[in-house]
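Reader: Please take me through the charged pairs in this structure, one at a time. Then move on to the contact between the chains and the cysteines.

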Amino acid sequence: MKQIEISPVTRIEGHAKITVQLDDSGNVSDAHFHVMEIRGFEKFLEGAAVEEAPRITPRICGICQTAHHLSSAKATDAVFGLKPPETAEKLRELMLMGQYIHSHSLHFYFLGAPDLIMGPDADPAERNVVGIIKKDPELAKMAIKTRAIGQRITTAVGGKPIHPVTAIPGGQSKALTTEEREKILLDAKEAIGLIENGIGVAKPLFEQYSEAIETLGPVETYFGSLTDNGNLSLYDGPMKVIDKDGSTVHEFEPADYLDYIEEKVQPWSYLKFPYLKQIGFPEGNYRVGPLARLNVVDAVPTEKASALYGEFKDTYGIAQNTLLYHYARLIELMYAAERAVELLEDDAITGTDIRNHLNEPLMSRKDAEESDAKMRGVGIIEAPRGPLIHDYETDGAGIIQRANLIVATGQNNLSMDIGVRETAKALIHGDEISEGLKNRLEMVIRAYDPCLSCATHMLNGESPLVVDIHDSEGDLVKRRII
Amino acid sequence: MVKIALEWLASCSGCEISVLDLHEGILNLLDNAEIVYAPVLVDTKEIPDDIDIALVSGSVRNQENKKRLEELREKSKTLIAYGTCACFGGITGMADLYSPEEVTRRSYSDNPSTDPSEVPSEVVPELLPIVHPAGDLVEIDYYLPGCPPKEWLVRDILVPLINGEEPNIPKKSVCADCSRRMDHDEFDTIHRRIEGEPDPEKCFLSQGYICLGSATLGRCGALCTKAGIPCHGCGGPSLDILREPNHDIYNCLINRISHLSKMPGKDVEKQIYDIGHLIYGFCIGSTIMEDKKVSLITELVKK
């Protein structure tokens with residue numbers, strides 16, 4: 001038996017490898033997508049004051065930092081029973097639009113599109129954003145400009161482009177000034193034009209690669225996303241799950257997620273495999289993210305994105321083809337820019353009533369230790385890659401006792417795994433595997449824009465060699481691992 | 001052409017994104033340099049042999065991270081520890097507050113949404129019992145902390161290096177860039193961040209909120225305090241603290257709060273809650289910090 005290994009999977013966020021097992025006649029017997037990394041946030045959040053979580057958890061991911069920041073802040077609102085004022089909610093949603101503009105344009109232009117613009121069989125040395133810079137500098141500049149606008153919006157609202165800080169329990173720590181508003185409103189309007197041009201470049205590529213769209217990453221799944229009465233809603237809403245025909249299977253409030261979502265552990269990946277609990281594993285496999293959202297919602301409530309959505313829907317219906325994630329991502333990129341303009345044109349955005357405070361003092365840590373009082377809060381948001389759940393349980397003083405996180409990428413883990421296996425089975429026959437063929441397996445993964453930095457739920461390991469240093473009393477003073 | 005490599009270990013990718021946040025500036029950088037290896041951007045699977053400048057981000061969490069770091073060191077003329085994780089272990093080092101078994105249990109067998117199971121062990125790399133900053137395991141030529149380093153720093157260090165010159169970057173603490181007013185105010189209570197409404201003009205420490213600005217390397221422009229949030233120390237320890245063996249983040253902070261308030265140091269210590277997450281959050285994995293005589297890290301780390 002022979003094994004093909006693709007490691008590291010490149011142009012994704014984080015560490016992964018693909019393995020493909022061939023039988024004696026050179027056919028694929030099995031294949032897997034392995035997530036190689038894990039850090040352990042769920043545990044080390046324990047003991048932290050819960051209001052610190054929104055500034056610790058963005059470090060789960062430097063790409064979807066804002067989504068973690070906001071989902072975490074929403075969970076802390078719930079822990080303290082604080083509802084942010086209207087302006088704060090709008091600022092947070094605007095921050096999320098900055099996140100989408102940055103993340104979706106990063107993925108399409110820098111990570112995903114090189115396979116389509118340079119071609120899946122292009123020289124790997126050229127098949128990247130630097131290749132695009134050389135081949136089409138104007139397109140590259142447009143890509144860079146679009147993403148920069150997303151980061152500028154995040155900076156203006158969140159304080160920093162990476163790991164923003166302003167969302168706090170009960171609201172925001174910083175109002176948006178009129179000068180900042182004017183600047184980023186111009187930016188957001190410019191983004192709409194840039195994105196229109198980008199979609200003009202991308203559309204013919206989807207036609208050109210229609211065969212790849214049909215064949216790469218085949219899988220049929222349920223889809224889940226937040227909605228607002230059928231409208232695309234990224235910041236809030238109940239979660240809706242549909243089957244492959246588009247019929248609603250579940251609709252639930254975020255705080256009830258444990259009744260609907262369960263995670264499976266597989267021995268060959270550090271990333272867990274969430275599935276629909278009431279349907280079971282693996283039948284309850286569901287997908288999330290841009291394609292899922294467009295499948296679940298009935299409307300995209302901004303002008304240009306709505307037109308694109310209508311066209312997409314007319315062509316593909318309930319779309320199962322994995323590569324269409326790219327197309328859906330671009331439609332959402334347009335929505336994010338248009339929604340940013342809407343939010344910025346609303347005068348409430350520069351309001352100064354941005355934070356609600358605790359009505360009563362917190363229980364002291366000492367009293368909390370002697371009391372059974374508990375508080376819990378669940379925050380959910382549509383991260384660029386799908387629903388992101390933060391669930392914190394605290395003692396009476398608001399010190400985290402247990403944290404549970406379900407990240408967006410995990411929910412696509414099973415589909416990525418199946419997609420790699422089925423694609424390998426369809427394409428690989430015999431030992432001679434071309435570079436372009438291996439790249440097609442990676443294209444399956446890239447379509448999901450997985451964010452494996454987010455796959456941070458645990459750590460483990462035995463020390464290969466431990467040196468303990470004890471003092472004269474015999475107490476351990478230092479431990480060194482060699 | 002100067003050959004540049006970017007490698008990430010256990011990290012959040014924020015460091016790589018900060019490089020991309022040079023935006024159009026990347027195009028200028030690429031006039032005289034080429035990216036020969038960077039898993040986030042290009043498809044090269046093996047680390048090439050002749051790298052001029054390598055930026056390594058993230059901490060060393062597992063055997064694969066360790067192997068890649070050693071290989072990168074061997075193949076690079078200049079190695080830059082880029083970001084607080086690579087320099088001091090970063091926030092990933094908070095995992096050292098718990099034993100690996102405690103963490104494993106939480107994720108795989110005592111987790112509200114997970115069907116209890118064994119720990120994954122096939123194909124995936126074995127994890128190390130504690131988190132290591134890159135600089136604790138291999139020789140580093142330049143340390144550039146920051147979570148992530150501000151994008152302009154990558155330009156300020158890379159451009160001179162590409163031109164064969166010595167980079168010159170700021171060495172001040174966060175306080176140097178913060179415009180808040182530090183007053184002696186005789187307060188007698190340390191506040192949690194959820195409590196009260198801090199005066200936006202006044203130093204957080206002067207109001208009894210834990211802010212690590214005075215103990216943290218700047219270069220960030222004090223963006224958090226300007227946005228109404230106390231410094232969490234993400235830039236890593238200030239140069240004063242790094243240079244002085246008896247200077248530590250914890251004692252530096254106690255002394256300062258004591259000086260600003262009417263509380264003796266011992267009373268301040270009684271009120272400081274959660275030293276692990278709040279005081280050492282970004283450097284608990286660092287040997288440099290742990291080795292200080294006055295450091296409390298040794299007491300906090302569990303294995």
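Author: Lys272(A) is buried in this predicted model, at 3% relative accessibility. Its partner in a salt bridge is Glu263(A), with N and O 3.8 Å apart. Glu263(A) is buried too, and its relative accessible area is 3%. The cut-off for buried is under 20%, so Lys272(A) falls within that class.

Now take Asp121(A). Its salt bridge goes to Arg440(A), and the closest N and O atoms lie 2.9 Å apart. This pair links distant parts of the chain, 319 residues apart. Asp121(A) sits in the loop between α5 (114-117) and α6 (129-135) of chain A. Arg440(A) sits in helix α15 (residues 435-447) of chain A. Asp121(A) is exposed, at 51% relative accessibility. Arg440(A) is partly exposed, at 22%.

Next comes Glu345(A). It forms a salt bridge with Lys189(A), with 3.5 Å between the closest N and O atoms. This pair also links distant parts of the chain: helix α12 (residues 324-345) of chain A holds Glu345(A), and helix α8 (residues 178-208) of chain A holds Lys189(A). The two residues are 156 residues apart. Glu345(A) is partly exposed at 46% relative accessibility. Lys189(A) is partly exposed as well, with a relative accessible area of 42%.

Some charged residues join in a network. Salt bridges link Arg11(A), Asp115(A), Arg127(A), Glu435(A), Glu442(A) and Arg446(A) with Asp43(B) and Lys45(B). Over all chains, the count is 55 salt bridges.

Between chain B and chain A there are nine salt bridges. One pairs Arg193(B) with Glu52(A), where the closest N and O atoms are 3.3 Å apart. Polar contacts cross this interface in 37 residue pairs, with both residues at pLDDT 80 or more. On the chain B side, several elements give two or more residues each, among them α1 (14-20), α3 (63-75), α5 (100-109) and β6 (127-133). The most comes from α5(B), with eight residues. By type, the chain B side divides into 43 nonpolar, 24 polar and 23 charged residues.

How many residues does each chain bring to the contact? Chain B brings 90 residues, and chain A brings 108 residues. Interface size is often given as the accessible area lost when the parts come together. Here chain B and chain A bury about 8500 Å² between them. Carbon and sulfur atoms account for 59% of that area.

One acidic residue in chain B deserves a look. Glu7(B) lies in strand β1 (residues 2-8) of chain B. Glu7(B) is buried, at 2% relative accessibility. Leaving out residues up to four places away in sequence, Glu7(B) touches residues including Glu16(B), Tyr37(B), Pro39(B), Arg68(B) and Leu72(B).

Last, the cysteines. The count of disulfides is zero over all chains. Why is there no bond at Cys61(A)? The closest cysteine sulfur, in Cys451(A), is 3.0 Å away, too far for a bond. A disulfide needs the sulfur atoms within 2.5 Å, so this pair does not count. Cys61(A) is buried, with a relative accessible area of 0%. In chain B, the sulfur of Cys12(B) has its closest cysteine sulfur in Cys147(B), 6.0 Å away. That is too far for a bond as well. Cys12(B) is buried, with a relative accessible area of 9%.

Key. Residues numbered from 1 in each chain as written. Chains lettered and ligands numbered in written order. Predicted model: local features only at pLDDT ≥ 70, side-chain atom pairs only at ≥ 80, totals over all residues. Heavy atoms only, no water. Contact = heavy atoms within 4.5 Å. Buried area = accessible area lost by both parts, 1.4 Å probe. Salt bridge = Lys/Arg side-chain N within 4 Å of Asp/Glu carboxyl O. Polar contact = N/O pair within 3.5 Å; in protein donor to acceptor, adjacent residues only side chain to side chain. Helix = DSSP H or I, 4+ residues; strand = E, 2+ residues; numbered from the N terminus. Nonpolar A, V, L, I, M, F, W, Y, C, P; charged D, E, K, R; others polar. Buried < 20%, exposed > 50% of the residue type's maximum accessible area, 1.4 Å probe, protein only.
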